Amino acid sequence: MNRRWVVNASPLIVLAKIDMLWLLEKLCMDIAIPTGVIDEINEGPVDDPARRWIISEGTRFKVRVRNVPRMITAWDLGKGESQVLSWAYVNKDYEAVLDDRAARNCANALGIKVIGSLGLIVLAYRNKLVADVTPVFQNLKLNGFRIDSKLISHVIDSLQEGSNT
């Protein structure tokens, strides 16, 4: 539980849509949400659950990123992704919570640890916070999270094999 996460918009949005933002605080000891991520979420629909959360409970996790290093701006990512990666790059004890493939590629190139929304669900399952990942993954898909069905099957199979050993 000594994890520290800096979180991008996509995981916040999808977890809010399935009413599982509570997982963040259960799975890590420190959460950082850069202002650029907050700005991106606030540009969304007024009734978006992530937007409602970010202006209420989520404000306590707000961090300001002053400068984005050139090595990150060169990747031409969004404002939120760039600030998430900048925070994690400067604060080495933080892991970036990202779903965007280009941002994940940048993180890998810079040696930044990354976890995505699916990884959070798997971690919650392994920590017995979620009894079954299958309905959670289905709920993610129903709420617009783009994920390959083969990947979901592979993750579920791996978890089932792991529990049988």
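Helices and strands here are DSSP runs, numbered from the N terminus, with at least four residues for a helix and at least two for a strand. That numbering gets you to the first stop: select Asp76, in the loop between α5 (70-73) and α6. Keep in mind throughout that this is a predicted model.

**Stop 1: two loop aspartates**

With Asp76 on screen, look at its backbone: phi is near 55°, a positive value in a residue that isn't glycine. Most residues other than glycine have a negative phi. Is Asp76 buried or exposed? It's exposed, with a relative accessible area of 68%.

Now jump to Asp19, in the loop between α1 and α2. Here too phi is positive in a non-glycine residue, near 55°. Asp19 counts as exposed because its relative accessibility is 62%, and the cut-off for exposed is over 50%.

**Stop 2: zoom out**

Show the whole protein chain as a cartoon and you'll have ten helices and five strands to look at. Along the principal axes, the C-alpha atoms fill a box of roughly 45 × 35 × 30 Å. The radius of gyration is 16 Å, which agrees with the value near 15 Å for a compact globule of 165 residues. If you colour by accessibility, 45% of the 165 residues count as buried.

**Stop 3: the Arg4 network**

Next, charges. Side chains of opposite charge can pair when their charged atoms come close. How many salt bridges does a search of the whole structure find? Four, and we'll visit some of them.

Select Arg4 and Asp30 and show their side chains: they meet in a salt bridge, 3.7 Å from N to O. Arg4 sits in strand β1 (residues 4-7) and Asp30 in strand β2 (residues 30-34), so this pair ties together parts that are 26 residues apart in sequence. Both ends are partly exposed: Arg4 has a relative accessible area of 25%, and Asp30 comes in at 26%.

Leave Arg4 selected and add Asp93. Their side chains also meet in a salt bridge, this time at 3.5 Å, N to O. Here the link runs between distant parts of the chain, from Arg4 in strand β1 to Asp93 in the loop between α6 (79-90) and β4 (95-97), 89 residues apart. Asp93 is partly exposed, with a relative accessible area of 46%.

**Stop 4: Arg60 and Glu25**

Move over to Arg60, which forms a salt bridge with Glu25; their closest N and O atoms are 2.8 Å apart. What does this pair tie together? Arg60 lies in the loop between α4 (49-54) and β3 (62-63), and Glu25 in helix α2 (residues 22-27), so the bridge joins parts 35 residues apart in sequence. Glu25 is partly exposed, at 36% relative accessible area.

Before moving on, put Arg4, Asp30 and Asp93 back on screen together: salt bridges that share partners join these three into one network.

**Stop 5: two cysteines**

Select Cys28 and Cys106. Cys28 counts as buried, at 3% relative accessibility, and Cys106 is buried as well, with a relative accessible area of 0%. Don't go hunting for disulfides, though: a search of the whole structure finds zero.

**Stop 6: the largest pocket**

Switch on a surface and find the largest pocket, with a volume of about 680 Å³. Where should you centre the view? Of the 24 residues that line this pocket, the closest to its centre are Ser10, Asp99, Asp100, Phe145 and Arg146. Three elements give two or more residues to the lining: α1 (9-17), α7 (101-110) and α8 (117-126). Which of the elements supplies the largest share? That's α1, with five residues. Coloured by residue class, the lining divides into nine nonpolar, seven polar and eight charged residues.

**Last stop: Ile115 and Trp5**

Finish in strand β5 (residues 114-115), where you'll find Ile115. Ile115 counts as buried because its relative accessibility is 13%, and buried means under 20%. Now add Trp5 and draw a C-alpha to C-alpha distance: 9.0 Å in space, for two residues 110 apart in sequence.

Technical notes: Residues numbered from 1 in each chain as written. Predicted model: local features only at pLDDT ≥ 70, side-chain atom pairs only at ≥ 80, totals over all residues. Heavy atoms only, no water. Buried < 20%, exposed > 50% of the residue type's maximum accessible area, 1.4 Å probe, protein only. Disulfide = S-S within 2.5 Å. 1 Å grid on protein atoms, 1.4 Å probe; cavity = no way out; pocket = protein on both sides within 12 Å on 5 of 7 lines; lining within 4 Å. Points joined across faces, edges and corners; volume = space filled by probe spheres on them. Nonpolar A, V, L, I, M, F, W, Y, C, P; charged D, E, K, R; others polar. Rg over C-alpha atoms; globule rule 2.2 N^0.38 Å.
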